[in-house]
Amino acid sequence: MKRHKRGLQNYLPRRQSYVRTEGSILIELACGASLMLVFSLLCADIGMVVFGVDINDRACRDAARAAALGGSTSESVALASAALKAHGADGYYFTSPQLVLPISYNDYGGNPPAQTSPYVQITTSTIARVPFAPVDFFGAQFLKNGTISFKQTYTFPLLKAK
């Protein structure tokens with residue numbers, strides 16, 4: 001049986017060739033930062049849209065509740081318009097909610113059919129401007145003119161039915 005000489009060379013790792021990687025971390029950081037910027041701008045736009053929907057939804061609900069107190073169509077329109085004034089907006093990012101006319105006021109002449117109650121139906125609209133929509137993303141614009149319109153409709157039973 002022959003014994004091989006084992007030298008120190010067998011225990012040392014082989015020398016590997018190293019690739020220069022000093023600049024690659026900067027490229028990765030730049031790519032990651034640009035993606036984070038795009039996602040941040042998109043989140044800001046989505047946040048403004050959600051806030052605009054919430055403003056219009058609350059305003060429509062309050063206007064319909066106020067209109068349900070009216071005894072006639074004209075009185076309900078006046079009450080709904082007064083309720084909408086409480087939901088004023090800044091005018092730049094969000095317009096104040098507006099009443100869409102005509103409203104549906106149905107009291108059935110004081111004699112509603114069976115299983116039916118008199119009601120009033122209100123529709124409101126508002127416009128939201130998203131802050132970063134005019135920025136082009138590879139040539140595609142997200143929204144026209146950076147604005148988006150919302151409409152909401154609520155139906156409430158009349159509280160002062162004949």
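Let's start inside the sheet, where Val100 has Thr123 of strand 2 as its bridge partner. A little way along, Gln98 stands opposite Ser125, again in strand 2. What you have in front of you is a predicted model, and these two pairs are a handy way into it. They belong to the pairing of strand 1 with strand 2 (residues 119-129), which is antiparallel and runs over 6 bridges.

From there, step across to the other side of strand 2. Strand 2 and strand 3 also pair in the antiparallel sense, this time over 11 bridges. One of the positions to look up is Ala128, whose bridge partner in strand 3 is Ile148. In general, the strands of a sheet pair through backbone hydrogen bonds, in either a parallel or an antiparallel way.

Put together, the 3 strands make an open sheet with the order 1-2-3 and antiparallel pairing. Strand 1 (98-106) and strand 3 (147-157) are at the edges and have a single partner strand each, so one side of each is left without a neighbour in the sheet. From one strand to the next, the twist averages 15 degrees.

Now for the helices that lie against this sheet. Helix 1 (residues 24-67) packs on the sheet and touches strand 2 and strand 3, and its direction makes about 30 degrees with that of strand 3. Helix 2 (residues 73-85) packs on the sheet too, touching strand 1 and strand 2, with its direction at about 145 degrees to that of strand 1. Strand 2 is thus touched by helix 1 and by helix 2.

Step back for a moment to see the whole chain. The protein has 2 helices and 3 strands, and from the N terminus on they follow one another as α-α-β-β-β. Among contacts between residues at least 6 apart in sequence, 68% join residues at least 24 apart. Of the 162 residues, 23% count as buried. The protein exposes about 11800 Å², and carbon and sulfur atoms supply 59% of that area.

Helix 1 deserves a closer look. At 1.5 Å a residue, its 44 residues should span 64 Å, and the end C-alpha atoms are 65 Å apart, which agrees. Its buried residues include Asp45, Met48, Gly52, Ile55 and Asn56, and further along Ala59, Cys60, Ala63, Ala64, Ala66 and Ala67. Among the elements that cover them are helix 2, strand 2 and strand 3. As you follow that list, remember that an α-helix has 3.6 residues a turn, so residues three or four places apart point the same way.

Helix 2 can be read in a similar spirit. It has 13 residues and reaches 19 Å from its first C-alpha to its last, close to the 18 Å expected at 1.5 Å a residue. Which of its residues are buried? They are Ser76, Ala80, Ala83 and Leu84. Seen down the axis of helix 2, these buried residues fall within an arc of 100 degrees, so they line one face of the helix. That set packs against helix 1, strand 1 and strand 2. On the other side of helix 2, Ser74 and Lys85 are exposed.

Finally, a few backbone details are worth a visit. Most residues other than glycine have a negative phi, and most peptide bonds are trans. Against that background, look at the bond between Leu101 and Pro102: this peptide bond is cis, with omega about 0 degrees. Pro102 has its place in strand 1, the strand whose Val100 opened our tour by pairing with Thr123.

Next, move into the loop between strand 1 and strand 2, where Tyr108 is found. Tyr108 is not a glycine, yet its phi is positive, at about 55 degrees. Its relative accessible area is 28%, so Tyr108 is partly exposed. The loop between strand 1 and strand 2 also holds Gln115, another residue that is not a glycine but has a positive phi, here about 60 degrees. Is Gln115 buried or exposed? Its relative accessibility is 85%, and the cut-off for exposed is over 50%, so Gln115 counts as exposed.

Methods. Residues numbered from 1 in each chain as written. Predicted model: local features only at pLDDT ≥ 70, side-chain atom pairs only at ≥ 80, totals over all residues. Heavy atoms only, no water. Pairing = 2+ DSSP bridges. Helix = DSSP H or I, 4+ residues; strand = E, 2+ residues; numbered from the N terminus. Axes fitted to C-alpha atoms, helices over the stretch in contact; angles between N-to-C directions. Contact = heavy atoms within 4.5 Å. Expected span 1.5 Å × (residues − 1). Buried < 20%, exposed > 50% of the residue type's maximum accessible area, 1.4 Å probe, protein only. Areas by Shrake-Rupley, 256 points an atom, 1.4 Å probe, with all protein chains shown as cover. Arc of directions from axis to C-beta.
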